[in-house]
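Before reading on, take a moment to look over the sequence and the 3D structure together. The report below is meant to be read with both at hand.

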Amino acid sequence: MKGYRVCTIACAYLVVALTPATSGMSVAPLLPEIERHIVEAKTDYDRGEFGAARAHAQAVLVGDEITYDVSFVSTSEREQASCRKSLKAAFTTWERELMGTLRFREVPRDEHGRISIVFKPSVRMGAEEVAGFTNWSRRITMDGDKWIDTSFHADMQLRTRDLDFNAMSFEAMRHEGCHEIGHVLGLDDSPHHGDLMGPLEIAHPVNGPTALEASSVRNLRDEARRINDDAQSQDSGKL
Ligand SMILES: [Zn+2]
């Protein structure tokens, strides 16, 4: 299972941004949906539509705490422990990269976290075996020009066995988890081996985002937070 795709995104945003690897590249590929939200946040802010600007900024941020629940299909207790360990490591990696500005918290399944994670021996998209995939939705509720709510939910599937049905290593599963969280945070797939968002090589998983991938998410979130905060103070100034 060398170099197979980590995931296929089961939604309209399947297009892989084939950003050329030029030396001047300073941003990792972002999901088109996320780019659209940040552009709309800026445009709405410039137009003085502060409620809409906040709605789109929040769609990028998805809050400062994201809850998740975990379940297992055909996975032994021993394997479950190793799944949890790799998942925890993946979340901790991103929390560290984001300097503690975003936290992930597990909740019991019946409380329905904003990310529902299922571990299973094999994950397929159509006929293709993939390491995992995430299907998500961001929904904005407005009342006229007043922002009411921006909701976020993701379903994530992560595989526990490779194509030979051997248990995936801790490192490979951490790569899977980190990659899928990267999508939640707005990163698109990368064609480059060695990138977190690139293909998973079972024998050479990466241990987290590259410096560019991490700084791209930090910059994206900083910008969304700034627009949100400015729009909020403008909005309250209008009252
Ligand atoms: Zn992916």
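What follows is a description of this structure, moving from the whole chain to its sheet, its core and a few single residues.

**The chain as a whole**

The model is a predicted one, and the mean pLDDT of the protein chain is 88, with 88% of its residues reaching 70 or more. One stretch calls for caution, since pLDDT stays under 50 over residues 8-24, although the model has 33 contacts beyond four places in sequence for this stretch. Where pLDDT is low, the predicted coordinates should not be read in detail.

The protein chain contains 5 helices and 7 strands, and these follow one another along the sequence in the pattern α-α-β-α-β-β-β-β-β-β-α-α. Of the 239 residues in the protein chain, 47% are buried, while the accessible surface comes to about 11,400 Å², with 50% of that area belonging to carbon and sulfur atoms. If one takes the contacts between residues at least 6 apart in sequence, 74% of them join residues at least 24 apart.

**The sheet**

An open sheet is built from 5 strands in the order S2-S1-S3-S7-S6, and the pairing within the sheet is mixed. Strand S2 (103-106) and strand S6 (132-143) stand at the edges with a single partner strand each, so one side of each has no neighbour in the sheet. From one strand to the next, the twist averages 20 degrees.

Helix H3 (residues 77-97) packs on this sheet, where it touches S1, S2, strand S3 (115-120) and strand S7 (146-159), and the direction of H3 makes about 165 degrees with that of S1. The table lists the paired strands across the sheet.

| Strand pair | Sense | Bridges |
|---|---|---|
| S1 and S2 | parallel | 4 bridges |
| S1 and S3 | parallel | 5 bridges |
| S3 and S7 | parallel | 6 bridges |
| S6 and S7 | antiparallel | 12 bridges |

Single residues can be used to trace these pairings in the structure. Tyr68 has Glu106 in S2 as its bridge partner, and Val70 stands opposite Ile117 in S3. Further across the sheet, the bridge partner of Phe119 in S7 is Leu158, while Ser116 is partnered in S7 by Asp155. Asp155 in S7 also stands opposite Asn135.

S6 and S7 form a hairpin with 2 residues between them, and Gly144 in the turn has a positive phi of about 65 degrees. Arg139 lies in strand S6, and this residue is exposed, with a relative accessible area of 57%. Although Arg139 and Thr150 are 11 residues apart along the chain, their C-alpha atoms are separated by 5.5 Å. When residues up to four places away in sequence are not counted, Arg139 touches Asp149, Thr150 and Ser151.

**The nonpolar core**

The largest nonpolar core has 50 residues, and among these Trp94, Ile115, Ile117 and Phe119 touch the most other members. At least two residues of this core come from each of helix H1 (32-46), helix H2 (50-61), S1, H3, S3, S7, helix H4 (170-184) and helix H5 (211-238).

Ile115 may serve as an example of how a core residue is surrounded. Leaving aside neighbours within four places in sequence, Ile115 is in contact with Ile66, Thr67, Tyr68, Asp69, Phe152, Ala154, Met156 and Val184.

**Two residues with a positive phi**

Most residues other than glycine have a negative phi. Against that background, two residues in loops deserve a careful look. Val62 has a positive phi of about 40 degrees although it is not a glycine, and Val62 lies in the loop between H2 and S1. Phe165, which is not a glycine either, has a positive phi of about 65 degrees and is found in the loop between S7 and H4.

Are these residues buried or exposed, or partly exposed? Val62 has a relative accessible area of 5%, and because buried means under 20%, Val62 counts as buried. Phe165, at 49% relative accessibility, counts as partly exposed, because exposed would require over 50%.

Key. Residues are numbered from 1 along each chain as its sequence is written. This is a predicted model: local features need pLDDT of at least 70, side-chain atom pairs count only at pLDDT 80 or more; totals for chains, interfaces and linings use all residues. Side-chain values use heavy atoms; hydrogens and water are left out. pLDDT is the predictor's confidence in each residue, from 0 to 100. Contact means heavy atoms within 4.5 Å. Two strands pair if DSSP finds at least two bridges between them. Axes are lines fitted to C-alpha atoms, for helices over the stretch in contact, and angles run from 0 to 180 degrees between N-to-C directions. Buried means under 20% relative accessible area, exposed over 50%, partly exposed in between (1.4 Å probe, protein chains only). Accessible areas come from the Shrake-Rupley method with a 1.4 Å probe; for residues, only the protein chains shown count as cover. A nonpolar core is a set of buried Ala, Val, Leu, Ile, Met, Phe, Trp, Tyr and Cys residues joined through side-chain atoms within 4.5 Å.
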